[in-house]
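Trainee: Please take me closely through one part of this model, the way its strands are put together, and then place that part in the rest of the chain.

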Amino acid sequence: MSPLRLSGLSLALACAHVPPAPTVPPVAAPPVAAPAALAPPPENPGRLPSLVRAPPATLAPLPSPVPPGTVASALVATPADPVLAAILKAARTDGEAYKRLGALCQGYSRRFAGTQTLVDAAGWAKSVWERDGLTVTLEPVNVRHWVRGAESLTMTTPAQRSLAVIGLGGTVPGSVTGDVVVIHSFDQLGPQVKGKIVLYDVPMAPGVPSITHYGETVPYRTQGAANAAKFGAIATLTRSVTQRSLYTLHTGAMHYDEPVAGGPPVVKIPSAAVTVEDSEWIAAQVAAGTKVTLTLNLASQELPPTPSFNVIADIPGSDPSAGIVLIGAHLDSWDVGQGANDDGAGVAHVMEAMHAIAGEVKATGEAPKRTIRAVLFANEEFGLDGGNAYGKDHGAELHRAAMETDLGAGVPLLWDAKGTEAQMTWLKATLAPLGMPIGDGGGGADISPLEPKGVLVTGLRPDDSHYFDYHHTNADTFDKIDADALAEGAAATAGWAWLVATSADPGPAPVPPPPPGPGGAK
Ligand SMILES: [Zn+2]
């Protein structure tokens, strides 16, 4: 029922039941009943029954499982400890996370591996943290340098039209024309794809947590070209990995197989993504028996690795032998958009956490026992160069625990952690004042090189119901950020760092897990 219809009904009912008062001047407007009073009065059953419809017994599921702004933060409102409360309050209210993310997005968009922009962003982060009074170092990292060129996708059969396309990161260049074979799962690959363009039309399942469904679908992006090339395909197109689309193109990394000594030669074929809309449309044509012919042109280049930087800031602990607790995010983004959610939000969480903690340390004169170290990693998206360099250069230092935030700017809901049973028990007790649940099996890509050292790793899990709408697209921009939700994530990050760095019980010392046995259990 439309609102307009409702107001008409409202007026009609009011006029029918309110007798005219002789004292009211004729020019006065009649009272209008509130919408809540619209149902026919029970003493008059049958009056206008056809105009009042009962709601359906079951409502169809909403297309968007969790609209933005409707999920509550799981972070404690006001913890009992006054220092922790002051740190959370600063992160929630001083606006620095949002301001810093705005400066990063608008000043340093497309912070892709190998670009000068990524180097400049590292210099910016260093200068901002130095204004917070932190000691900051830029550590050189050589990063992969792949450059996108001109790209086009043209349909010649059954219609002549140009389609939106984006090369996947790492694709070889190429210019190919071929008929389309649609594949819905890897086990459908076979001789029928020889000489053809494979379209992987594999939808990302709806629902939250979205990260789970991303993990199910993303192999078609990362491994699709390598797998189809084994059967003689000439190129691959992948349906953009997202749950919702407004004709949005999603890029991301793809990998070719490494050549094996004595094995067959590795054939590298061009690989790109199309929109959900075009993927479904092409798949429907092919399913109806219509031949679809496309021409794909990609002009990318692989250049020599280029110097970039990890940005490292420390709040020194009062006991230099007590070790380090690390909070991190990756500074780089894809070569589209502003990387506002991925991972500008994480950068803002970490920068603000250090700002809030440094302010409190200055105000109280009380340093944490263990050093709090923040790292903005140089290249997560395209080869994990920053995380690997940090693990190589700093892995021998005593890290008590590490945390990464790389799942966007939604309100914080839980932690995912990975460690021994003793480490998990300790973490649950240590983080209890924050009120957020702790799940198993987390961490983050950039801190994964610390796992073989036995370091307890944690990942921040915010509400990710809309994270993949923008992920790796030109739409991942600052206007998508909710300032309050971002500030909650910064407060959670600060709370994690403060509690882990100051707990009276330092927790179990990291013990490297045993290497996998011969043949490898996994
Ligand atoms: Zn990321």
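Mentor: Two strands are said to pair if DSSP finds at least two bridges between them, and the elements themselves are DSSP runs numbered from the N terminus, helices being H or I over at least four residues and strands being E over at least two. What you are looking at is a predicted model, in which local features need a pLDDT of at least 70 and side-chain atom pairs count only at pLDDT 80 or more, whereas totals for chains, interfaces and linings use all residues. Residue numbers start from 1 along each chain as its sequence is written.

The part to look at closely is an open sheet of 8 strands, in the order β3-β2-β9-β5-β6-β7-β8-β4 and with mixed pairing. The strands β3 (161-163) and β4 (166-167) stand at its edges, and because each has a single partner strand, one side of each is left without a neighbour in the sheet. At the β3 end, β2 (residues 151-157) is joined to β3 by 3 bridges, the two strands running antiparallel, and there Met 155 stands opposite Arg 161 in β3. Helix α8 (residues 276-287) lies across β3, β5 (174-183), β6, β7 (235-239) and β8 (271-274), running at about 65 degrees to β5; such angles run from 0 to 180 degrees between N-to-C directions, along axes fitted to C-alpha atoms, for helices over the stretch in contact. Contact here means that the C-beta atoms of two residues, placed from the backbone, lie within 7 Å. One backbone detail belongs with β6 (197-200), since Pro 209 sits in the loop between β6 and α5 (210-217): the peptide bond between Val 208 and Pro 209 is cis, with an omega of about -5 degrees.

Beyond this sheet, other strands pair as well. β1 (135-147) pairs with β10 in the antiparallel sense over 12 bridges, with Thr 137 opposite Ile 312 in β10. From β10, 5 bridges lead to β12 in an antiparallel arrangement, and Ile 315 has Ile 372 of β12 as its bridge partner. β1, β10 (301-315) and β12 (371-377) are also among the elements that cover the buried residues of helix α10, which are Asp 385, Gly 386, Gly 387, Ala 389, Tyr 390 and Gly 391. A residue is called buried if 20 or more other C-beta atoms lie within 10 Å of its own, exposed if 12 or fewer do, and partly exposed in between.

Leu 384, in the loop between β12 and α10, has a positive phi of about 60 degrees although it is not a glycine, and it is buried, with 22 other C-beta atoms within 10 Å. Arg 110, in the loop between α3 (96-107) and α4 (116-131), likewise has a positive phi, of about 55 degrees, but it is partly exposed, with 16 other C-beta atoms within 10 Å. Most residues other than glycine have a negative phi, and most peptide bonds are trans. A further cis bond joins Asp 342 and Asp 343, again with an omega of about -5 degrees, and Asp 343 is in helix α9 (residues 340-364).

As for the wider setting, the protein has 13 helices and 16 strands, and 46% of its 522 residues count as buried. Its largest nonpolar core, a set of buried Ala, Val, Leu, Ile, Met, Phe, Trp, Tyr and Cys residues joined through C-beta atoms within 7 Å, has 128 residues, and Ala 91 and Ala 494 are among those with the most contacts inside it. Helix α13 (residues 483-502) gives the largest share of this core, 13 residues. Leaving aside residues up to four places away in sequence, Ala 494 touches Ile 87, Leu 88, Ala 91, Ala 353, Ala 356 and Ile 357.

Finally, a word on confidence: pLDDT, the predictor's confidence in each residue on a scale from 0 to 100, averages 89 over the protein, and 85% of the residues score at least 70. Over residues 1-57, however, the pLDDT is below 50, and this stretch has 24 contacts in the model beyond near neighbours in sequence. Where pLDDT is low, the predicted coordinates should not be read in detail.
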